[in-house]
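Trainee: I should like to learn how to read the features of a structural model. May we work through one together?

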There are 2 protein chains.
Amino acid sequence: MRPTVHDIAKEAGVSLATVDRVLNARPGVREKTIARVQEAVARLGYVRDAAAANLARGRFYRLAFVLPEGPNQFVETLRAALLEACATQVADRASVKVVTTPAQDPHAVVRALRALNPRRLDGVAIMAPETPQVRDAVARLKEEGLAVVALVSDLPNAPRDRFVGIDNVAAGRTAALLTGRFAPQGGEVLVVTNSLRSRDSLDRRLGFDQVTATDFPKLSVLPTAESYDDPARMEAVAFEAAMSRPKLVGVYSMGSGNTPLLRALRRSGRLDELVVIGHELTPVTRRALIENEMAAVISQDVGHLARSALRVLRAACDAAPVFEAQERIRIEIVLRENLP
Amino acid sequence: MRPTVHDIAKEAGVSLATVDRVLNARPGVREKTIARVQEAVARLGYVRDAAAANLARGRFYRLAFVLPEGPNQFVETLRAALLEACATQVADRASVKVVTTPAQDPHAVVRALRALNPRRLDGVAIMAPETPQVRDAVARLKEEGLAVVALVSDLPNAPRDRFVGIDNVAAGRTAALLTGRFAPQGGEVLVVTNSLRSRDSLDRRLGFDQVTATDFPKLSVLPTAESYDDPARMEAVAFEAAMSRPKLVGVYSMGSGNTPLLRALRRSGRLDELVVIGHELTPVTRRALIENEMAAVISQDVGHLARSALRVLRAACDAAPVFEAQERIRIEIVLRENLP
DNA sequence: ACTGTTTTGAGGCACGTTCCTCATTTGCGG
DNA sequence: CCGCAAATGAGGAACGTGCCTCAAAACAGT
């Protein structure tokens, strides 16, 4: 059996109340006594029973997730993973509210953040492009004492407690390395995204350029084409590039919008000679991998993302340390053969 | 606030005792009453507070991990991850004993398993090659009522409750796909391992052959070379192949022993023209990736492995269902640019 | 209506911790 | 040595659930 606070008290020769005061860093204990208790803790190898502690504390975490809305498979699966995580022990003693905002309206996010009542909430996870208004809204939430984490796309200049997601520069570098090795003959690479306003796309492009510049001189990377979340525009841009650029060897899709992209490439008849690399495993990209239409998908485990965000938010609420190793989101490379 | 058993009792118009009997599937309640309680549970959206339940139950999980011993970086990091996981909430209300057995002695595992006292233990995780003796030892543990999971290397014909690890056939298929795409010109591929006795090596070879046979006719895969955990032998075999086979384009290392392998290939002077793919991210393989000596490493997150084994063991002890999505160990592809 | 069985109610103790209150002791300055 | 504040002890209630006992009620078959 593990030692309890009672054992510590006995071992240190103090009362239970004093042990409690020391363990919870409450004032009113002499240095000497603190040391004595801590020694006893070390000697007996005491570790606080988190279950009992939470029970006694009656702690309840009121959390909110602000996600973009739209025909975005990735966000849909993220939301599903979130709800699934809530049904398990990860979300124990927590209530989670999911708020969605129109993807294309940068003010909508701000409005949604303002609409949150800080007194009825302990923490917020935000997935949104970084704008000055969003930064201000985050700052306001922090001032109100809320825990704030950025999700998927970082808000590096906002006072968020933490970013939960992959290192997008490294993700872009990984995409470049795969493109370069899958297309050793070299040629032109088309880079597309729905919007460069999001920090994640920006970072990915940055990483992609770093590696192609230093390691794959035979690749020439075209300027980023933005679709602004318009499928028709995405399809037109991709089709145009495929038809007019004979030296095209690869396409790197940094955002969503893989359905119109693949449709265009299929239509151009050049899909099987192109190395297509995209992000996020969805039904669309999964199918494309199986059909050999996409060479690789760079992905992040949405289940891990959801659980990690929940754990990190709770830790931030308690100003407790996080278990780093568990919260590092991996850049997953998914090929046809290691589809989960 | 979340509803409690008290709320359920009130809602269903029964006593607390009856609610408890229904929730814990104890006998002595009429069908009609059971239905009434379950309706109340559904209506109020009650979910059992796992923390309080475990506390009340006073459940304590006594677990043991049986791991191979030896100069194996992978096992070392696994053990470290295990100890780290024990220090966190994952191992809450559990004691974990780690037993190591000499890697090369198949009887040592059996002896270690026999030495376990089933009355002082609730569950065991085993990482060992599958032999008839191991199967019998596992069967004996199961008969004693222990939970048993196979770790990393499956024991498909033993009555283990579950396998925690990657799908090694798929891992082999992934390695083949990478080799084929990284070496489109084709040629010979050397496959090495420390021992084909382990189920994982066997499965990886199987998967590797499947994909090379169907998708990469230009690759000809050599018979598996075994080192029997002897670094000198590994080095000799690899050097010999590199020197005598001009058409060699790739090496697939299915087990441990990457240090002597890389040393041999370096010595042969052909390392930079070979596509080397190995398993498990260790200091050795990490360095080889950074130096561009290895093209890719197929890995499994040891932290995830450790935490998953703990969770699965606990669930098996309680005959509780596991949260599948969280326990699926991914086949990670690690390149230079997405090193964690 | 009688017995006997099954079902239900009521209550209490336990788990390990937190967080109170109130009384007591200790240390310190004067 | 006194007075005062700080430090400590003792005890208890609570958190939500599990698990136990004993008695009361409902129901079955005769």
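Mentor: Let us begin with burial. A residue counts as buried under 20% relative accessible area. In this predicted model, A:Glu327 has 7% relative accessibility and therefore counts as buried.

Trainee: In which helix does A:Glu327 lie, and which residues does A:Glu327 touch?

Mentor: A:Glu327 belongs to helix α14 of chain A, residues 324–327. Leaving aside residues up to four places away in sequence, its contacts are A:Arg162, A:Ser308, A:Arg311, A:Val312 and A:Val322.

Trainee: Is A:Ser227 buried or exposed?

Mentor: The same reading applies. A:Ser227 is buried because its relative accessibility is 4%. A:Ser227 sits in the loop of chain A between β8 (225–226) and α10 (231–244). Beyond residues up to four places away in sequence, A:Ser227 touches A:Thr193, A:Asn194, A:Arg233 and A:Met234.

Trainee: How should I read the surface near DNA strand D, and which residues come nearest?

Mentor: One starts with the residues around the strand, then turns to what they contact. There are 26 residues around DNA strand D, and those that come nearest are A:Thr18, A:Thr33, B:Tyr46, B:Arg48 and B:Ala56. Of the atoms of DNA strand D that come within 4 Å of the protein, 72% belong to sugar and phosphate. By character, the residues of this surface are ten nonpolar, eight polar and eight charged.

Trainee: Which elements supply at least two residues of that surface?

Mentor: They are α2 (16–23) and α4 (50–57) of chain A, and α1 (5–12) and α4 (50–57) of chain B. The most comes from α4(B), which gives four residues.

Trainee: Which backbone atoms lie close to a phosphate or base oxygen of the strand?

Mentor: Here one asks which part of the nucleotide is approached. A polar backbone atom of A:Ser15 is 2.7 Å from a phosphate oxygen of DNA strand D. For the bases, a backbone N or O atom of A:Leu55 lies 3.3 Å from a base oxygen, and a polar backbone atom of A:Ala56 is 3.1 Å from a base oxygen.

Trainee: Finally, what rotation superposes chain B on chain A?

Mentor: For two copies, one examines the rotation and the shift along its axis. Chain B is superposed on chain A by a rotation of 180° with 0.1 Å of shift along the axis, at an RMSD of 0.2 Å. This is the relation of a two-fold axis. Within chain B, the residue closest to the rotation axis is B:Ala51, at 2.3 Å by its C-alpha. Because 100% of the interface residues of chain B are also interface residues in chain A, the copies meet through the same surface.

Conventions: Residues numbered from 1 in each chain as written. Chains lettered and ligands numbered in written order. Predicted model: local features only at pLDDT ≥ 70, side-chain atom pairs only at ≥ 80, totals over all residues. Heavy atoms only, no water. Near = heavy atom within 4 Å. Polar contact = N/O pair within 3.5 Å; in protein donor to acceptor, adjacent residues only side chain to side chain. Nonpolar A, V, L, I, M, F, W, Y, C, P; charged D, E, K, R; others polar. Buried < 20%, exposed > 50% of the residue type's maximum accessible area, 1.4 Å probe, protein only. Contact = heavy atoms within 4.5 Å. Least-squares fit on C-alpha atoms with pLDDT ≥ 70 in both.
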